[in-house]
Amino acid sequence: MINAVNNTDKRNDYKLKIGVAATTALATGCALAHIAKRQGFSLSPSAIKKTPVKDWAVFSLYDKKRPDRKLIELEEKEILELATASVAGGLAGGLLFDDKQYKKSKIRESVNQLLGNVAVPVACVGAVSRLYKKYKPQILAKVPQVKETGKFTKNFNKALKGIPFSIATVLSLGVGIVAGNRVSNLLNEKVFNKKMDRKIKGTDFAPHVDDLGMAVSLMADKSKGASFITRIVPAFLCVPGYEVGTHRD
């Protein structure tokens, strides 16, 4: 009897995880399509069919032989749109595939994920990014450089110039995640009347791979590596939605 109950619970958990993953991916995919459409990519099936797969919005990478190649851009506004869609999809899946007794906990987690794990950290990194760009000439003027004698020294100097922004990105992201976590705890206490000390988890860092992309983009200018990181941002942004949909407390 106990084994039968355990097997049923496992099947329900499996159904929940699969269902939430599907609704989260669907919602995030729709948001990505909307962004692509807004940035000038065609969603017409006939146009997509005629376009090589490598040139699709979700797959296209920077090519120095084609510097004018159109690439999808994911800035703060797009990150928030994707994250909101992810959380909405995850919440919908959680409410659809899980017991109703967990409804309130999933709604709380959706607020925590959006504000604590996405909005606050992204705002911190965005603010530092704008501040850096404003004073970029003055900052780079203080970065030591070696005499360029070839490709290696040229790339070495370029990497040196990327260090200040990389450090600023990591620090601002760390501050943002800690601040966001405190916002989440405050919301739970003041709004949801539930005293919690929500600990920072590894998955809290998943939505911020885009910030790593910004740092890489600066260090290497435009490159396949930097654009590849941008391409996988939507996949990482599915994590908040999945966390919401499978959340129970």
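**Exercise 1. Identify the salt-bridge partner of R66 in this predicted model, and locate both residues along the chain.**

Step 1. R66 forms a salt bridge with D55, and the closest N and O atoms of the two side chains are 3.4 Å apart, a separation that falls within the 4 Å cut-off for such a pair.

Step 2. Both R66 and D55 belong to the loop between α2 and α3, where they stand 11 residues apart, and the pair links distant parts of the chain.

Step 3. R66 has a relative accessible area of 35% and is therefore classed as partly exposed, since that class covers the range between 20% and 50%.

**Exercise 2. Determine which parts of the chain the salt bridge between E78 and R38 ties together, and state how accessible each partner is.**

Step 1. A search of the whole structure yields 8 salt bridges, and one of them joins the side chains of E78 and R38 at 3.5 Å, taken from N to O.

Step 2. Because E78 lies in helix α3 while R38 lies in helix α1 (residues 2-38), the pair ties together parts that are 40 residues apart in sequence.

Step 3. With a relative accessible area of 8%, E78 is buried, whereas R38, at 37%, is partly exposed.

**Exercise 3. Work out what the salt bridge between D98 and R248 connects, and name the network to which these two residues belong.**

Step 1. The closest N and O atoms of D98 and R248 are 2.7 Å apart, and the two residues form a salt bridge.

Step 2. D98 sits in the loop between α3 and α4 (103-134) and R248 in the segment after α9 (238-245), so that this pair ties together parts 150 residues apart in sequence.

Step 3. D98 is buried, with a relative accessible area of 9%, while R248, at 35% relative accessibility, counts as partly exposed.

Step 4. The network of salt bridges that contains D98 and R248 also includes D13 and K106.

**Exercise 4. Describe the secondary structure of the chain, and examine helix α8 for its span and its buried residues.**

Step 1. The chain has 9 helices and 0 strands, and reading along the sequence accordingly gives the pattern α-α-α-α-α-α-α-α-α.

Step 2. Helix α8 (residues 224-236) has 13 residues and reaches 19 Å from its first C-alpha to its last, which is close to the 18 Å expected at 1.5 Å a residue.

Step 3. The buried residues of α8 include A226, S227, I229, T230, R231, V233 and P234.

**Exercise 5. Find the residues with the most contacts to other members of the largest nonpolar core, and trace the surroundings of I72.**

Step 1. The largest nonpolar core has 16 residues, of which I72, L74, I79, L82 and L237 touch the most other members.

Step 2. The elements that contribute two or more residues to this core are α1, α3 and α4.

Step 3. Leaving out residues up to four places away in sequence, I72 touches L32, I35, A36, Q39, F41, A57, T230 and R231; of these, T230 and R231 are among the buried residues of α8.

Step 4. Another core, of 5 residues, lies apart from the largest one, with Y132, L140, V143 and L160 among its members.

**Exercise 6. Characterise the surroundings of R108 and C238.**

Step 1. R108 is found in helix α4, and its relative accessible area of 11% makes it a buried residue.

Step 2. Not counting residues up to four places away in sequence, R108 touches N188, F192, K194 and D249.

Step 3. C238 lies in helix α9 and, with the same exclusion of residues up to four places away, touches T24, A25, T28 and S86.

Step 4. C238 and V87 are 151 residues apart in sequence, yet their C-alpha atoms are 7.9 Å apart in space.

**Exercise 7. Describe the nonpolar surface patch that contains V53, and set out the burial, surface and contact totals of the chain.**

Step 1. V53, W56, V58 and F59 form a nonpolar patch on the surface, with about 340 Å² of accessible area together.

Step 2. V53 lies in the loop between α2 (45-50) and α3 (76-97), and at 47% relative accessibility V53 counts as partly exposed.

Step 3. Of the 249 residues of the chain, 38% count as buried, and the accessible surface of the chain comes to about 14600 Å², with 64% of that belonging to carbon and sulfur atoms.

Step 4. Among contacts in the chain with a separation of 6 or more, 76% are between residues 24 or more positions apart.

Technical notes
Residues are numbered from 1 along each chain as its sequence is written. This is a predicted model: local features need pLDDT of at least 70, side-chain atom pairs count only at pLDDT 80 or more; totals for chains, interfaces and linings use all residues. Side-chain values use heavy atoms; hydrogens and water are left out. Patches are made of residues with over 30% relative accessible area and no salt bridge: like charges are joined within 9 Å, nonpolar side chains (Val, Leu, Ile, Met, Phe, Trp, Tyr) within 5 Å. Accessible areas come from the Shrake-Rupley method with a 1.4 Å probe; for residues, only the protein chains shown count as cover. Helices (H or I, at least four residues) and strands (E, at least two) are DSSP runs, numbered from the N terminus. Buried means under 20% relative accessible area, exposed over 50%, partly exposed in between (1.4 Å probe, protein chains only). A nonpolar core is a set of buried Ala, Val, Leu, Ile, Met, Phe, Trp, Tyr and Cys residues joined through side-chain atoms within 4.5 Å. Contact means heavy atoms within 4.5 Å. The expected span of a helix is 1.5 Å times one less than its number of residues.
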